[in-house]
Amino acid sequence: MGLIGILLGLGLLVWFAYRGWSVLLLAPLAALLAALLSGEPLLASWTQTFMGSAASFVGQFFPLFLLGALFGKLMEDSGSVSAIADFMTEKLGAQRAILAVVLAGAIVTYGGVSLFVALFVLAPMAQALFRAADIPRRLMAPAIALGTFTFTMMALPGTPAIQNAIPMPFFGTTPFAAPGLGIIASALMLGFGLWWLSRAEVAARRAGEGFGDGAAAVNAALDDPVLRERATTAREFDPAEIAHGHQSVERPSIALAALPLGLVIIVNLLMSFLVLPRLDFGFLAEERWGGVPLSAVSGVWSVAVALLVAIVATLVINRRRLPKLRETMDAGANASVLPIFSVASLVGFGAVVAALPAFALVRDWVLAIEGGPLVSLAVAVNILAALTGSASGGLTIALDALGPVFLERAGALGIEPALLHRVAVMSAGTLDSLPHSGAVVTLLAVCGVTPRESYLDIVMVAIVGALVALVAVIGLGSVLGNF
């Protein structure tokens, strides 16, 4: 009955979440159903296991959710994201519309701007470029997905994405884990995705297919409450807050617009390798500071300081373009709350399931997969990310339940934690792009297209390309080790 309870609870969670029910309600109900059918005490499962794990996730990562959402909102309202999009449009033009959209998305998301902030700016940009170039509207969504969902989230060294931060406390790694492998993976994902989209564009022109009818539906997506519930488990920004604040009509220069993005990467790098390692943090061993080594917190600290510096720089650079600063900052702060509690609820559900006796069957099956800890880690994270529709939720559930085991087995084989980190993050970013994913649903809605029109191309650029890169990283890492 225990295994049946796990499957029923998971099925309940996925089914109703896909229909727009709040994960804040679904996750504890699904967890309690699994506990009930396993004969476990219900109240203890809820208040001790579920809430304990959810609270731990909030305690570890709320600073990154808060600062990331705030930075994204400031970049949006100051006109900085739009300035970067306009620059790419001007430099590459309609003749290279797909490349312009992909690179614009990559630049802003690698620099720390939230995915959902980027989507609501990139969709109108893509629409103008694709209409001018007479490229089918159905290719807008996969082009945006390639630039925002893939290599900048899970492979480029130092990316401030929350998915890249989650493994750091588990493995004692930095945001720059396995940089060489990350760069190779990024090149594979970008190259494969651009090849596929170019091929699709050529085929459409041969068939006489142009831009077509319809338009991006940014405002409609903002007003959809069901879409909001599905989106907040996928990324760290509540799309409902996009409409709040005050967006500047004036744009900063491209240099000023890009400066905060560069600061995120540079400060992150300096904090990870120069500043924190040289300071004395021996006090962390004391019980009141958690009794943890520096490696357990340095990664999160590095990203948090980098985002904080970028926020200050954005405020200084754009002080005249943010006339309603309080409204903008309130919207940014509020945008972080629902996403982190939604993901924390998924993590709480995973903790209850992992504590059930029947979970031993699942754990043994995962660990028995041939290919070693890299392959079994990839399979476990992919499955959980696919089922939850959340890269961060699936990744945290997997590492909470099996992270220490993977680390122990990898250590016995001489596999460095940095390689585990990169494989885990890349695995989280592959099958999280299935049709029920909040990010995919939001992207399709913003672009005003249906799954039937665009989803196959999204699969190719966001899933197949990512899987090719993941296989390459596992293969290279197994032979050459971490680099």
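A residue counts as buried when its relative accessible area is under 20%, as exposed when this area is over 50%, and as partly exposed in between, with a 1.4 Å probe and protein chains only. Ala178 is buried, because its relative accessible area is 2%.

The model is predicted, so to speak of a local feature takes a pLDDT of at least 70 and side-chain atom pairs count only at pLDDT 80 or more, while totals for chains, interfaces and linings use all residues. Residues are numbered from 1 along each chain as its sequence is written, and side-chain values use heavy atoms, with hydrogens and water left out.

**Backbone angles**

Most residues other than glycine have a negative phi, and most peptide bonds are trans. Ala178 is not a glycine, yet its phi is positive, at about 50 degrees. Ala178 is found in the loop between helix H10 (167-171) and helix H11 (179-206). Helices here are DSSP runs (H or I, at least four residues), numbered from the N terminus. Asp134 also has a positive phi, near 60 degrees. Asp134 lies in the loop between H6 and H7 and is partly exposed, with a relative accessible area of 40%.

**Salt bridges**

A salt bridge is a side-chain nitrogen of Lys or Arg within 4 Å of a carboxyl oxygen of Asp or Glu. The structure holds ten salt bridges. The table gives three of the ten.

| Pair | Closest N and O atoms |
|---|---|
| Glu76 and Lys73 | 3.0 Å |
| Arg138 and Asp457 | 3.3 Å |
| Glu250 and Arg321 | 3.3 Å |

Glu76 and Lys73 are separated by about one helical turn, because they are three residues apart in helix H3. Both Glu76 and Lys73 are buried. Lys73, Glu76 and Asp77 are linked in a network of salt bridges.

The salt bridge between Arg138 and Asp457 links distant parts of the chain, 319 residues apart. Arg138 is in the loop between helix H6 (115-133) and helix H7 (140-148), and Asp457 is in helix H23 (residues 451-480). Arg138 counts as partly exposed because its relative accessibility is 21%. Asp457 counts as buried, at 6% relative accessibility.

In the salt bridge between Glu250 and Arg321, each partner lies in a loop: Glu250 between helix H13 (225-231) and helix H14 (254-275), Arg321 between helix H15 (298-317) and helix H16 (325-334). The pair therefore ties together parts that are 71 residues apart in sequence. Glu250 is partly exposed, at 46% relative accessibility, whereas Arg321 is buried, with a relative accessible area of 11%.

**Cavities and the largest pocket**

Rolling a probe the size of a water molecule over the atoms shows where empty space is left. On a 1 Å grid over the protein atoms alone, a cavity is a set of points where a 1.4 Å probe fits but cannot get out; a pocket is an open set with protein on both sides within 12 Å along at least five of seven lines; lining residues have an atom within 4 Å of a point. Grid points are joined across faces, edges and corners, and a volume is the space filled by probe spheres set on the points.

By this rule there are two cavities of 30 Å³ or more. The largest cavity has a volume of about 210 Å³. It is lined by 18 residues, and the closest to its centre are Thr109, Val113, Ala161, Ile162 and Glu236. Helix H3 (42-77), helix H8 (151-154) and helix H9 (162-165) each supply at least two residues of this lining. Ala, Val, Leu, Ile, Met, Phe, Trp, Tyr, Cys and Pro count as nonpolar, Asp, Glu, Lys and Arg as charged, and the others, Gly among them, as polar. On that basis the lining of the largest cavity has eight nonpolar, eight polar and two charged residues. Ala161 is found in the loop between H8 and H9 and counts as buried, at 13% relative accessibility.

The largest pocket holds about 400 Å³ of space. Of its 20 lining residues, the closest to its centre are Leu10, Phe359, Val362, Leu384 and Leu387. Helix H1 (2-18), helix H17 (337-355), helix H18 (359-367), helix H19 (373-388) and helix H20 (391-412) are the elements that give two or more residues to this lining. The lining of the largest pocket divides into 19 nonpolar residues, one polar and no charged.
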